[in-house]
Amino acid sequence: MLIYGLGLLAFSYLAGQLFGDFLGELIGVQANVGGVGFAMLLLVLLHNYFHKKQWLKGNFDEGIGFWSNMYIPVIVAMSASQNALLAFNKGVLPIVAGILIVVIGFVLVPIISKIKTTAS
Amino acid sequence: MNIISFFEKNGMITSFLLIAIIMLVAEQISTRLLRKKIPGSAIAILLGLVLAYYGGILTGGEKGIADIAFFSGFKLVGGSMFRDFCIVSTALGVSFPVMLQAGKAGVISLIIGLIVSFVVGICVGLAFGYHDAESLATIGAGTLTFIVGPVTGSALGASSDVIALSVATGVVKAIAVTIFTPLIASKIKLDNPHSAMVFGGIMGTTSGVAAGLAATDQKLVPYGALTATFYTGLGCLLCPSVFYLALKALM
């Protein structure tokens, strides 16, 4: 059943985000800490468990797969509702700082990527 | 009957139709004009940003094209709920061994990403003539993400001008990551899960990382999102406390 897949995704999302909000509250910040990460972890673990128990019947996975295919359209909607005007009308400082850090970031990515945990 | 309020009432469905049209146009531009040199998804995201800018000019609002009634559904579909829900759904393609192998690099990239962003923001702030620790810390925090900036600024009591600057810096960063990532990905070897996790930790801005990786290779999205999801929260924790005190001690 498709709705069961969607239900599992919704459960993982809510539990993960709730935990992220709770963690944020615990360390005293007004933000979610790792909610999406915990939700992803939970989804993978539960999905594996369901798979082992052979509970994944019919089009269960399509309830999840639909949303991962909706990812790019949602990102298009997100970029269309960014405060893009603010990026350009606050003078030069935001443009210099915002672009400089991205350039430095691009330089750092291949350097830090060299760090690998070797399987022992 | 007011036709605009009809579309507003059916905002979410209207936005599905509009996004489908944007994607179609982007795909045609990609195949016919650019011979697939730039992927359709990258062009669609870029078109989105152009629309956002146009909407901002037209309305003066904060939500880009979504401030126009006809496009109001974009607020919901392009909001953080749908975005995070879709990111979570991509997790099924994730490989645990790969993730564990990249774990150490991911954590290191997070720490370096937070510190470097803060320092760069402060240096730019100094260059533009800010000398008090509160303003500098707020601008530094805005260089992390557009959420950390205002959180830090209001915690430290920075002026509203400086807080607006910090938000703008975070928005420029998100847009710059979105536009430049697909163009530079092959040069920085951003083509595997390991470097995507490092990329998420270094850049941190969820909107930018999500859009930049979507335009590069959708398979990398969950890996980048995994580290980026900790960035804003940790930034909100560290900027008004440890980073601010360290800055104050140095001045």
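This is a short dialogue on how to read a predicted model with chains A and B.

User: Let's start with chain A. How many helices and strands does chain A have?

Analyst: Welcome! Chain A has six helices and zero strands. Following the sequence, the pattern reads α-α-α-α-α-α.

User: Is chain A spread out or compact, judged by its radius of gyration?

Analyst: The idea is to set the radius of gyration beside what a rule for globules gives for that number of residues. For the 120 residues of chain A the globule rule gives 14 Å, but the radius of gyration is 20 Å, so chain A is more spread out than a compact globule. You can also picture a box: the C-alpha atoms fill roughly 55 × 45 × 30 Å along the principal axes.

User: And what share of chain A is buried?

Analyst: Of its 120 residues, 48% count as buried. Contacts add to that picture: among those in chain A between residues at least 6 apart in sequence, 54% join residues at least 24 apart.

User: Could we look at one residue? Why does Leu8(A) count as buried?

Analyst: Here we count neighbours, and a residue is buried if 20 or more other C-beta atoms lie within 10 Å of its own. Leu8(A) has 21 C-beta neighbours inside 10 Å, so it counts as buried. You will find Leu8(A) in helix 1 of chain A, which covers residues 2-26.

User: Which residues does Leu8(A) touch, leaving aside its neighbours within four places in sequence?

Analyst: Those are Leu46(A) and His47(A). For a sense of distance, try Val74(A): it is 66 residues from Leu8(A) along the chain, and the two C-alpha atoms are separated by 20 Å.

User: What domains does chain A have?

Analyst: The domain assignment gives domain 1 (2-82) and domain 2 (85-115). Their C-alpha centres lie 29 Å apart.

User: What about the domains of chain B?

Analyst: In chain B the assignment gives domain 1 (3-78) and domain 2 (95-250), with C-alpha centres 26 Å apart. Six residues from domain 1 of chain B and seven residues from domain 2 of chain B take part in their contact. On the domain 1 side of that contact there are five nonpolar, one polar and no charged residues.

User: How do I read a pair of packed helices?

Analyst: Two packed helices are described by the angle between their axes and the distance between the axes. Take helix 9 (residues 148-156) and helix 13 (residues 221-250) of chain B: their axes come within 9 Å and cross at roughly 35 degrees. The crossing of helix 9 and helix 13 of chain B is right-handed.

User: Which residues meet there?

Analyst: From helix 9 of chain B come Val148(B), Val151(B), Thr152(B), Ala155(B) and Leu156(B). Their partners in helix 13 of chain B are Thr232(B), Gly235(B), Cys236(B), Cys239(B), Pro240(B) and Tyr244(B). By class, this contact has eight nonpolar, three polar and no charged residues.

User: Finally, how many residues of chain A are in contact with chain B?

Analyst: 64 residues of chain A are in contact with 92 residues of chain B. Elements of chain A giving two or more residues to its side include helix 1, helix 2 (35-52) and helix 6 (92-113). Helix 6 of chain A gives the largest share of that side, 18 residues.

User: What classes of residue make up that side of chain A?

Analyst: The side of chain A that touches chain B has 44 nonpolar, 18 polar and two charged residues.

Note on methods: Residues numbered from 1 in each chain as written. Chains lettered and ligands numbered in written order. Predicted model: local features only at pLDDT ≥ 70, side-chain atom pairs only at ≥ 80, totals over all residues. Domains from an automatic or database assignment. Contact = placed C-beta atoms within 7 Å. Nonpolar A, V, L, I, M, F, W, Y, C, P; charged D, E, K, R; others polar. Helix = DSSP H or I, 4+ residues; strand = E, 2+ residues; numbered from the N terminus. Buried ≥ 20, exposed ≤ 12 C-beta atoms within 10 Å, placed from the backbone. Rg over C-alpha atoms; globule rule 2.2 N^0.38 Å. Axes fitted to C-alpha atoms, helices over the stretch in contact; angles between N-to-C directions. Left-handed = near helix turned anticlockwise from the far one by under 90°.
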